[in-house]
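Subject: Handing over the structure

Hi,

Here is the structure I promised to pass on. Have a look at it first, and then read on for what I found.

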Amino acid sequence: DYLNSKFLAKECYTKLCELGYNEAKTLSIFPTAEKNRKALEILKRIRGYRDSDVMAEIVKNNIYELEREELYIRAMNCKVECSVKSLAEAISILDKISNYRDAKKQRDICKKLIAEMQQTELKKAELKKHSENAQGHFQDYRRSSDELKWTLQRKDRADLISQMKSDVQSN
């Protein structure tokens, strides 16, 4: 019985390793770092089985590349949002993967977009200030115009009263 149980235990272990190996192989095909991390965990548990050690190294490299790709995609999504905050986040992410793809170029583009957006905001503020000044000048002009009309109306009334007095006195 003892020999048989030892044989059965080894057979179970081999089957478990084979199941784990096949699962890790399947998971490593998925193009996500998360699935590859799960595959690596399984491969670590079955070290020494078949080519699991070599496969683990390949999966580690895949994880590294997939993580960089995921960061790059996240940075590009932030760039598309095109707000100062999202562009700053994109720059932060791209700095982490500066030697990946065209990350340096994309970072420079984001910096340029932020500078342009800030310049646009400054111009808007300046235009708003000029607009408010112009509106103030227009209100001053309108007030002066109203005062002039009122003064002219008073003068016309005063002239009319004077004319009427002189007409009354001459009669």
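Starting at the N terminus, the elements of the protein chain go α-α-α-α-α. That makes 5 helices and 0 strands. Do keep in mind that this is a predicted model.

**Overall shape**

The chain has a radius of gyration of 41 Å, while the globule rule gives 16 Å for 171 residues, so the chain is more spread out than a compact globule. Its C-alpha trace spans about 150 × 35 × 15 Å along the principal axes. Of the 171 residues, 23% are buried. The exposed surface comes to about 13,200 Å², and 56% of that is supplied by carbon and sulfur atoms. As for contacts between residues at least 6 apart in sequence, 51% of them join residues at least 24 apart.

**The helices H3 and H5**

Helix H3 covers residues 52–81, which is 30 residues. From first C-alpha to last it reaches 42 Å, close to the 44 Å expected at 1.5 Å a residue. H5 runs over residues 103–170 and has 68 residues. Its reach is 98 Å from first C-alpha to last, again set against an expected value, here 100 Å, to which it is close.

Which residues of H5 are buried? They are Ala 103, Gln 106, Arg 107, Cys 110 and Ile 114. The buried residues of H5 pack against H3 and H4, and two of them are worth a visit.

Gln 106 sits in H5 and has a relative accessible area of 8%, so it counts as buried. Leaving out neighbours within four places in sequence, Gln 106 is in contact with Tyr 72, Met 76, Lys 79 and Leu 94. With Lys 79 there is also a polar contact, side chain to side chain, at 2.5 Å.

Arg 107, also in H5, touches Ile 91, Leu 94 and Asp 95, if you don't count residues up to four places away in sequence. Arg 107 and Asp 95 are 12 residues apart along the chain, and their C-alpha atoms are separated by 7.4 Å.

Over in H3, take a look at Glu 69. Is Glu 69 buried or exposed? Its relative accessible area is 19%, which puts it under the 20% cut-off, so Glu 69 is buried. The side chain of Glu 69 makes a polar contact with the side chain of Tyr 100, at 2.4 Å. Apart from neighbours within four places in sequence, Glu 69 is in contact with Tyr 100 and Arg 101.

**Two loop residues with a positive phi**

Some background first: most residues other than glycine have a negative phi. Cys 82 is not a glycine, yet its phi is positive, about 55°. You'll find Cys 82 just after H3, in the loop between H3 and helix H4 (84–96). At a relative accessible area of 36%, Cys 82 is partly exposed.

The other one is Arg 101, with a positive phi near 45° in a residue other than glycine. Arg 101 belongs to the loop between H4 and H5 and is exposed, with a relative accessible area of 54%. This is the Arg 101 that is in contact with Glu 69.

**The cysteines**

How many disulfides are there? The count comes to 0 disulfides. Why is Cys 17 not bonded to Cys 12? The closest cysteine sulfur to that of Cys 17 is the one in Cys 12, and it is 11 Å away, too far for a bond, because a disulfide needs sulfur atoms within 2.5 Å. Cys 17 is buried, with a relative accessible area of 1%.

Cys 110 is in no disulfide either. Its nearest cysteine sulfur is that of Cys 82, 8.5 Å away. With 0% relative accessibility, Cys 110 counts as buried, whereas Cys 82 is partly exposed.

If you open the model now, a handy route is to begin at Glu 69 in H3, go on to the loop that holds Cys 82, and finish at Gln 106 in H5.

Cheers

Conventions. Residues numbered from 1 in each chain as written. Predicted model: local features only at pLDDT ≥ 70, side-chain atom pairs only at ≥ 80, totals over all residues. Heavy atoms only, no water. Helix = DSSP H or I, 4+ residues; strand = E, 2+ residues; numbered from the N terminus. Expected span 1.5 Å × (residues − 1). Contact = heavy atoms within 4.5 Å. Buried < 20%, exposed > 50% of the residue type's maximum accessible area, 1.4 Å probe, protein only. Rg over C-alpha atoms; globule rule 2.2 N^0.38 Å. Areas by Shrake-Rupley, 256 points an atom, 1.4 Å probe, with all protein chains shown as cover. Polar contact = N/O pair within 3.5 Å; in protein donor to acceptor, adjacent residues only side chain to side chain.
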